[in-house]
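User: I am new to reading structures. Please take me through this one, and tell me how each label is earned.

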Amino acid sequence: MPICPVCEYRSTEWKEVAGHLYSLTRKSDATHVMWLNRNLTIKEVDVEKLSEMLEEFFSIRGELSSWIREKFIQKFYGENPHPFILAMQKPNRAVLLGYVIEHQHFLKNWVKVLSEIIFKTDEDDVVKYELDNINVEYFGYNGKPSHYELLLRMGESLGMPRKEILGYSPLPSTKTAINTWRRIAIERDWVETLAAMHSLELVADKTLRKYGAKMHYFNEAILTSNDYPQEVKDFLREGYEADQSHAGEALTLVDKYSKDEERVQVTVLRSFDAFAKYLTARLERAMEFDSKVILQ
């Protein structure tokens, strides 16, 4: 059923939702204006045109997972890839340290939010999936170090002691993003939280190129380059190899259990906005070590 992506006003037809959005943007309602500008157009259009654009934007061709993948690529890997992803094509020490310092907070929050999914669901396959994911990310598995541990080792290899890394508080943009994901976990259905969180793992999904992504998460040549410490390659390789299966399996679960696809779509878009803000925070932190990093 057609839905306003901001306040979730619902109607039986997109034209009414378009009229609702149009009315609020004419009154300069900030949240509705920002959504429209970020996702559809910065130009003023009439209700008829807006209705067509909304219906096109939210149309699901095939399965919900396909729509999620398509929107992720458009936002992070489309005509204007996110600046952090551009920086990761040839990251210097500052970019990697920005990654390490902010990402420790992301990973701690990650397992807390996944725990909320486990708390809310009665589906055994979902519980097992989340427990496996938590093990990989935070505790390690089959004798291998966790993603969190590999992250800290990457930071140490770049010359920053572990104690110093852990002493950093998250930047405001990271805090805002984390609070968004916590609200989603607490306030929304577990399927929405599942979709909101694990669709973010698409960022390192190697298969995105065949769906239209302009580039990979990072330049794969890094994994065999002598210009980077082994610990950097170990961390990047682990996420690169794990996130494809993580995201793919989670999206299969989303398709299996989603009952209100429009609410899932709205929640996923909010998570994407938070993720974009969080990726920018990594660059903001990097600028503390190299003020020219954004220009690279």
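**How the labels are earned**

Analyst: On the other side of helix 10 from its buried face, Pro172, Ile186 and Glu187 are exposed. Exposed means over 50% relative accessible area, buried under 20%, and partly exposed in between (1.4 Å probe, protein chains only). This is a predicted model: local features need pLDDT of at least 70, side-chain atom pairs count only at pLDDT 80 or more, and totals for chains, interfaces and linings use all residues. Residues are numbered from 1 along each chain as its sequence is written, and side-chain values use heavy atoms, without hydrogens and water.

User: Which residues of helix 10 are buried?

Analyst: They are Ser173, Thr174, Ala177, Ile178, Thr180, Trp181, Ile184 and Ala185.

User: Why are they said to line one face of the helix?

Analyst: Seen down the axis of helix 10, they fall within an arc of 150°, so they line one face. The arc is taken from the directions from the helix axis to the C-beta atoms.

User: What covers them?

Analyst: The cover includes helix 6 (93-120), helix 11 (190-198) and helix 13. Helices are DSSP runs (H or I, at least four residues), numbered from the N terminus.

User: What makes helix 13 mostly covered?

Analyst: Of its 26 residues, 19 are buried.

User: How do you know that the length of helix 13 agrees with its residue count?

Analyst: The expected span is 1.5 Å times one less than the number of residues. For the 26 residues of helix 13, that should be 38 Å; the end C-alpha atoms are 38 Å apart, so the two agree.

Methods
Helices (H or I, at least four residues) and strands (E, at least two) are DSSP runs, numbered from the N terminus. Contact means heavy atoms within 4.5 Å.
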